[in-house]
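Work through the exercises below with the structure in view, trying each task before reading its solution.

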Amino acid sequence: MLKPKVESALNNQLLIEAESSQIYLAMASWAETQGLGGTAQFLYKHSDEERIHMLKLVQYINERGGKAIIPALSKPTKEYKSLNSMFETLLNHEIMVSEKINDLVETCLKEKDYTTQNFLQWYVAEQIEEEALARTIMDKLKMIGADKSGLYMFDRDIETITIQSSVAPNQ
Ligand code: FEO
């Protein structure tokens, strides 16, 4: 049985994951309207992944005798100044999500819920990868700057920017 504090913290994380999915969906749609088809596909996929993050929490909470709360979602931003500023928003969002996961792990440790703490390790690992990927994308965009052909290639190749290639250079 989940302790009330853990259940409430898990439901809060469920909301964050659902909002992440919604935000990335809005980003995908924006990119599509800008003619950035590759970036749009990348973000549609990313949005689906966040939905899976949410779903895992729904099922875990219910399995452990709690009640998952399916939340209302805020309307995400629909316009971005540039591709750069959109990915900067994405990176900052992922950094925020990592902090929330860490807070959640801390709540579990305080409440001595080691089962949930163990369940959350998947999210801890996932966040390391997502932040690394977002940083790699930002680095590439900074390198490209205002170069239109660079941007064209970025959009064509974004699907090949994998977590492996983002982690490799620094480790
Ligand atoms: Fe599920 Fe990217 O946080």
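**Exercise 1.** Determine how helix 3 and helix 5 are arranged relative to each other.

Solution. The axes of helix 3 (residues 83–110) and helix 5 come within 9 Å and cross at roughly 160°, where axes are lines fitted to C-alpha atoms, for helices over the stretch in contact, and angles run from 0 to 180 degrees between N-to-C directions. Helix 3 is therefore roughly antiparallel to helix 5, a term used for angles over 145 degrees. Helices here are DSSP runs (H or I, at least four residues), numbered from the N terminus.

The model is predicted, so local features need pLDDT of at least 70 and side-chain atom pairs count only at pLDDT 80 or more, while totals for chains, interfaces and linings use all residues. Residues are numbered from 1 along each chain as its sequence is written, and side-chain values use heavy atoms, with hydrogens and water left out.

**Exercise 2.** Describe the surroundings of E126.

Solution. Begin with its place, which is in helix 5 (residues 121–144). Next, E126 is buried (under 20% relative accessible area, 1.4 Å probe, protein chains only), yet E126 has no salt bridge, that is, no side-chain nitrogen of Lys or Arg within 4 Å of a carboxyl oxygen of Asp or Glu. The nearest side chain of opposite charge, K56, is 8.2 Å away. Finally, the side chains of E126 and H53 are joined by a polar contact of 3.4 Å, meaning a pair of N or O atoms within 3.5 Å, one able to donate a hydrogen and the other to accept it.

**Exercise 3.** Are K112 and D113 buried or exposed?

Solution. K112 is exposed, with a relative accessible area of 59%, the cut-off being over 50%. D113, by contrast, is buried, at 7%.

Definitions and conventions:
Helices (H or I, at least four residues) and strands (E, at least two) are DSSP runs, numbered from the N terminus. Lys and Arg count as positive and Asp and Glu as negative; His and the chain ends are not counted. Angles under 35 degrees count as roughly parallel, over 145 as roughly antiparallel, 65 to 115 as roughly perpendicular and the rest as oblique.
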